[in-house]
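Q: Hi! Could you walk me through a few spots in this one?

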Amino acid sequence: MGSRIAAHLANAGIPCYLLDIVPPELNAEEKRKGLTLEKPAVRNRIVLAGLEAARKSRPAAFFTPETARLITPGNFEDNLGWCGEADWIIEAIAENLEIKRKLFERVESVRKPGTIVTSNTSGLPIRLIAEGRSEDFQKHWAGTHFFNPPRYMKLAELIPGPKTLPDVLGALAEICDVRLGKGVVVAKDTPNFIANRIGTFSMLRAIGEMQSLDMTVEEVDSCTGPAIGWPNSATFRTADIVGLDVLVHVVRNLFENLPGDESREMYRVPALAEEMMKRGWLGEKTGSGFYKRVKGAGGDSEILTLDWHKMEYRPREKSKFGSIEAGKAIEETRERLRALVGPALEGKGGDKGSRFLWACLGDTCLYAARRVPEIADKILDIDRAMRWGFGWELGPFEVWDAIGVERMAKALERDGKQMPPLVAKVLASPKKSFYEMEKGSARYFDLASGALSPVQEPAGMLILKSIKDGMLILKSIKDRTPVVQENSGASLIDIGDGVLCCEFHAKMNAIGGDIFAMLQAGVARLETEFEAMVIANQAPNFSAGANLMLLLMTAQEGEWDDIHLAVRQFQRANMAIKYAPRPVVAAPQGMALGGGCEIPLHSAKIHAAAETYIGLVEAGVGLIPGGGGTKEMLIRANEHAAGGDNLDLMHALRPVFENIAMAKVSTSGEEARSLGYLRPSDLIAMNRDRQVADAKETALAMVRAGYHPPAPAEIRVLGEEFFAAARLAVHMMIRGEYATEYDGVVARKLAYIMAGGGITAAQSVPEQYILDLEREAFVSLCGERKTQERIAHTLKTGKPLRN
C-alpha cells in the first residue's frame, strides 16, 4: 500500500521518498551472486520489490511508467534522515501498534518541527499510535486512510488526533482534494473508522444470511451488485479482490476493540472464513477464494464458484430470483430498492432474494444509524464514505429515505429491533427524512440540532447540470443562470466572468449535427459577447465519438453526399474552434474517443481530467479520423521535428502513424501527453469535480495573457518517402499476424493522407488539403463491406471486429 500511495503522489507531480525495512538475510539469488547484507541492492531489496509491484500492477498505479522517477527508494536504517527534508510523512507499515510506535519514535528524532505526520492505518487508534510523542508532533498528527488502489478509489478518511490543529486538518483536506483528487470525509478515531466499519458489517451480515437462507455465492452476488446500486463485484467478488486475510484481520480488530458495540458478536470471524484461511483460499492473491479461475477444456479461462457446504469448487450457476429479474426493468435505484425489499419489509414473504435483501439492508442501515455520532458527526460523511469507498450508489441514510424512514422503522420494530436516538429524532421531525430538497437547496438531518442543516456546496466547483450526490440534487449553474442557447445535443451556458461553456448532453455525447451547430454558435458568440469558451460536460465520458448507428444506416443506404456533408460540417466546426478570435479550452474526461478526441485537438488548450482515456480509434471500426484529427497530429509531428530535416520528421511521424493505425487510447491524461494528444503546455485536473472550474480559470488566464489565434498552419509532408516506409511497416505487421489484411487496407489509406496524398517529394501543404484527403478516405471506407461489418459488430457487442 505504501508504494501505491507513493505512486499516486508521483502522479500528482509530488516528489517523494519511499522507505522500507532492510531484509534480515540474503535470499538465494543474492547468495548465488556473492552479495552481502551491506550491499545497497540487498538493503533496498524490499522497497524496490514494492516499487516494482506498483509498476506492474493492473490496473496501473502510475499514470505513466516515467512517473515512477519522482520516487526515490531507500530504507529505514540508512535513509531515515530523509524524513527531515519532508513536508509530509505518511506511514503505511504493518498494522501493529508497537511496531508503529517504535518507528515514530525514530522518525521524531529526525523530523523538523511543523512537518505533518500521518498514518494510513485502516483501524488502529490514531491517539494511541502517537502516544508519548512531543506536543508539536501531536499537533501536526492525524490519520489519512486511503482506499486501495489509491489512484482509483475516491475516498480519503481524515482522522484527527486529540491535539491535531485545525489548520493541519484543513491543509490535509485541501491537498487530498485538490492535489490528489480525493473525496474527503472526517471520521472519528474509532476502530476501522467509517467505511470499513459499515462495509465489514454489511459483508458479515450477508455471509450470515446466506447460510441462514441456504443460498449460493452466486445468489448473494446477484442480490448485492447493480440490483441495489452496488458495484459489479458485489459481496464475494469484492472479498476476493480485497483478500480474505485482510477481511479477517479487520473483523478481528473490530471484535477486539469494540467491547461496547451492541452488535459485537457479528464481528466474530465466520467459521467459513476460518476454514478458507486454513486452506489458503484468500482470493485473487492465491488464485482461489469464493471464486476460482481455471483453464477450461479449450484453453479458455473459466470461473468456478465455491460450494460452501462441500468446500469444493463447481461450475458457476446462473441465479434467477423473480424479484431481481423484475427489478431490472426499473431504471431508478431508489424505486428499484423499494420494489425489491417491499414484500419482505411488509411481512408478505417475497422470494428468497427479497427476504435476503431486506434482512441485510435493514440491519446495515439500522447499524449505521446507531453509529452516529460515534464514528462521525454528520450522516453526510457516512453516506459519502460508503459511496466513495465501497462504490455504493446510495449510502445507508439515503437508503432509509429511499425506502421511507417511517416504513423502515415500523418493519424493524415489528422484528423486535429498537430505534436509536437518531432515527427517533428524525421520526419526530416535521419532514421525517434524513435529507430534503427545497427550492434547489439540499439539507441533511443534523443530530446535534435535531433539525435539517444546509449542505455546503464545495468552493471551487462548477456544476453544469443538476447532479445527484446520492439522494441530493446539487444545484447547477443553469438553476441560477438562463441557458444562452441549446438544442437536443448541446447547450451554451454562461458560467460567469465572460466565459461561455458548450456542454454536450446527447446520448453517450455522440458527435453529430446538433453538437457541430452549437460549437459554431459558441464560437460566433466569442466575436461580440464572451471572452473565452470552455467545451465540457460532466457525464461519465466526454464523448464516445461519432454516432455510428446513424453513420452505418446512411452508408447502407448509399447516401454518400450526406456523409460528405456531415464530415465537412465537423471539419468546419473544428476549424472554427481552432481559429476562434478568443481562447477555446476543451476539458475532456473519461472516454474521449474518435471525434471526441478531435474536438480537443483543435482547442487552444486542453485541461483534461487525470482519468482521461483519449485516442483516435476510428481504425478499430475500419475508418480513419475524418474531422481533422490526422491533420492535427501531423501538425504536432511537425512541431516535434521543428528545425530538423526530413529524417527528424520521419521519426516524429512514425509514432503518430502507429497510434492512429492501431487505435491507441491513453490510460490516463498524463499518458495522453506522451501519445501526443496533449501538448506539454496542456493541463491536468486531478479532481474531476473541479475540472470545469479549473478549465474556466485556464481560459481566463489565456485572456489575461493577451491571447491571439494561431496563424494558419502549413504542414510539411514527406510524400513517397513516408508512404513507402509506412507501406513496408504495414506489410510487416500483416506478415507477423499483428494486423489483418483489412487492417492493412485502412492503414494504407491513413499512410496516403499522412504522406500528403499523391505528392512525391517533401513539401508544405495547407490544412484544407489534408482535410480534403481525410474526408475522401473516410467516405470511401464507409462504402467498404468490411468497414460496415466492423461498425455493426461494435454497435452490437461494444468490441471491435478483426475481419
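A: Happy to; we can go through the cysteines, a serine in a loop and a surface patch, keeping in mind that this is a predicted model.

Q: How many disulfides does a search of the whole structure find?
A: The search comes back with 0 disulfides.

Q: Why is Cys16 not bonded to Cys83?
A: Their sulfurs are 12 Å apart, and that is too far for a bond because a disulfide needs the two sulfur atoms within 2.5 Å. Cys83 has the closest cysteine sulfur to Cys16.

Q: And what about Cys360, which cysteine sulfur is nearest there?
A: That of Cys223, at 8.5 Å, and Cys360 is in no disulfide.

Q: Is Cys360 buried or exposed?
A: Buried, with 8% relative accessibility. Cys16 is buried as well, at 13% relative accessible area.

Q: Switching topic: where does Ser666 lie?
A: You'll find Ser666 in the loop that runs between helix H26 (646-661) and helix H27 (669-674). Ser666 counts as buried, at 1% relative accessibility.

Q: What does the side chain of Ser666 reach?
A: The backbone oxygen of Thr612, at 3.0 Å. A polar atom of that Ser666 side chain also lies 3.1 Å from the backbone oxygen of Ser668.

Q: Which residues does Ser666 touch, not counting those up to four places away in sequence?
A: Thr612, Tyr613 and Ile614, plus Glu671, Ala672 and Leu675.

Q: Last one, the surface: which residues make the nonpolar patch?
A: Met549, Met553 and Leu795 make a patch of about 260 Å². Leu795 belongs to helix H32 (residues 785-797), and Leu795 is partly exposed, at 36% relative accessible area.

Definitions and conventions:
Residues numbered from 1 in each chain as written. Predicted model: local features only at pLDDT ≥ 70, side-chain atom pairs only at ≥ 80, totals over all residues. Heavy atoms only, no water. Patch = residues over 30% accessible without salt bridge, like charges linked within 9 Å, V, L, I, M, F, W, Y side chains within 5 Å. Areas by Shrake-Rupley, 256 points an atom, 1.4 Å probe, with all protein chains shown as cover. Salt bridge = Lys/Arg side-chain N within 4 Å of Asp/Glu carboxyl O. Helix = DSSP H or I, 4+ residues; strand = E, 2+ residues; numbered from the N terminus. Buried < 20%, exposed > 50% of the residue type's maximum accessible area, 1.4 Å probe, protein only. Polar contact = N/O pair within 3.5 Å; in protein donor to acceptor, adjacent residues only side chain to side chain. Contact = heavy atoms within 4.5 Å.
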